[in-house]
Amino acid sequence: MQSVQRRLFQLISGTPVKPVTGARRSNVLRNIRGALKLLGLSDLESKLPVVIHVAGTKGKGSTCMMCEAICLKAGLRTGLFISPHLVKVNERFRICGKPVGDVVLERNFNRVWDVLDKANSLPKYYSFLTILAFQIFASEPLDVVIFEVGMGGTLDATNVLERKNVTGVTLLDYDHMEFLGDTIEEIAGEKAGIFMKDVPAFTLEQQSGAMKVLEEHAEKVGAPLSVVAPLEPGSTKLGMKGDHQRHNAALAIALCKSALGDKINDDIISSGLEACSMSGRAQIVEKGNILFCFDGAHTPKSMQACINWFASLNAKTCSLIFNCQHTKATKELMETLFNSPVAFDTIVFTSGSSKKPTFMKRPNSAQILSAKKSRSESESSAMQSENNENAQEEATWQDTLVNVSKVVRKGTCSETAKVISDKTLQDSLNYMMARAEEKDGNQKHHVLVTGSLLLIGDVMKELKIDVV
């Protein structure tokens, strides 16, 4: 697998990817089609079974995992392409509920790499992984394949598919705005790009502007669109925790019923949803005297769902490990975390080891705090002066996070928390473990890890936690 990892890293350009505009937009999927032709997969759709395609901002991964769980309970052989991975790239390619093994991955990887490299047609990282997923699934005897859109929809590599059985769009929120647009309407337009003529499409109730765009695009392409209501509280036992999962579960049910018909029934659906779990999403792992609580929330709405779930655990003592990419809504994420009834006694801002290149310049704390949707329009000029003074000394992103949190935490339950930003991730975890051991041995200390799935993957690597 070292050879696979080494070659994959070659596809991650040191030059950050910029948004695709103008004539380049029409080339994206055409290039992937060309790669598939080189691999003998020009008739890809004939080699794939039932196809479920899911886009969205919040919960698309959870929805796909629920679809997989329902299908498995029906005795069907499943393929699932999902992103990102937390620890190993194998996690992105699931066969019958488990990440593919190293042997299968290497065999298919070598074929795709050798053919495309010889033709001087190696694409960028994500496109390569999507082509690899097509190669793996086309060579396996499967009954249904589920594709999670990586970003957007219209130009996502998975949207090269010319035959689908059903499409779905989960809840929409502001994310990847540097690529998808600044408004919820623009974002919805990109997500709606997966709709196809005469292919059933399902979504959840959205903001009015987003819903209008989805409806208009569905009508334009001739896709019958249905809006799904969330499950009633307590009506179905869900393996995935959090009240927000009622929305994802309802969408997963609609997608499976549409795609599979009488191959599933209510008993199969219920047992599948109860059995479903997903690493890094409302997941609790016990290590010594600590309960590590993982949730990859990285938009304001998903962070609200995360903190609601964490608060429901009623922890007596708790700490926070946080990081987010500087392209995210940093201030809004922190506001959601700290304007809650949860009182963190220790907050660790750490970068971890995983990095994601971006063309966007890293902002300082003053820029973040003065951005639109500010927490308070009446911040004093003295505070602004202090922010600008601090910003000049911000050598790292962690310094910026500390300065933003100082302002956001004022007047909250976490205002007096001990803040750590100068330790490595390993040292931070060792510190947490040592502090937990000093506390009452009968009382578990809760540590929330959130803000980035990259961070969660790094923590899981350090703690040697298996991905399920």
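What share of the contacts in the chain with a separation of 6 or more is accounted for by residues 24 or more positions apart? In this predicted model, such residues account for 78% of those contacts. The chain has 468 residues, of which 53% count as buried, and its secondary structure comes to 18 helices and 14 strands.

The largest nonpolar core comprises 39 residues, and those with the most contacts inside it are I52, I70, L255, L260 and L273. Two or more residues are given to this core by each of the elements β1 (50-55), α4 (60-73), β5 (144-148), β7 (201-204), α10 (245-260) and α11 (266-275), and α10 gives the most, with ten residues. When residues up to four places away in sequence are not counted, L260 touches V50, C71 and L76. Separate from this core is a second one, of 37 residues, which includes L8, F134, F137 and L161.

Two of the elements that contribute to the largest core, α4 and α10, also pack against each other, at an angle of about 50° and with their axes 8 Å apart. Angles of 35 to 65 degrees count as oblique, and α4 and α10 are therefore oblique to each other; α4 passes α10 in a right-handed crossing. On the α4 side the residues in contact are S62, T63, M66, C67, I70 and C71, and these meet Q245, N248, A249, L251, A252, I253, L255, C256 and L260 in α10. I70, L255 and L260, which take part in this contact between helices, are also among the residues with the most contacts inside the largest core.

A further helix pair is formed by α5 (residues 102-118) and α6 (residues 125-138), which pack at an angle of about 120° with their axes 10 Å apart. That angle makes α5 oblique to α6, and the crossing of the two helices is right-handed. The contact joins L105, N108, F109, R111, V112, W113 and L116 in α5 to F128, I131, L132, Q135 and I136 in α6.

In helix α8 (residues 184-191), the buried residues are I184, I187, A188, E190 and K191, a set that includes the charged residues E190 and K191. Seen down the axis of α8, these buried residues fall within an arc of 160°, so they line one face of the helix. An α-helix has 3.6 residues a turn, so residues three or four places apart point the same way.

How values were computed
Residues numbered from 1 in each chain as written. Predicted model: local features only at pLDDT ≥ 70, side-chain atom pairs only at ≥ 80, totals over all residues. Heavy atoms only, no water. Core = buried A, V, L, I, M, F, W, Y, C linked by side-chain atoms within 4.5 Å. Buried < 20%, exposed > 50% of the residue type's maximum accessible area, 1.4 Å probe, protein only. Helix = DSSP H or I, 4+ residues; strand = E, 2+ residues; numbered from the N terminus. Contact = heavy atoms within 4.5 Å. Arc of directions from axis to C-beta. Axes fitted to C-alpha atoms, helices over the stretch in contact; angles between N-to-C directions. Parallel < 35°, antiparallel > 145°, perpendicular 65-115°, else oblique. Left-handed = near helix turned anticlockwise from the far one by under 90°.
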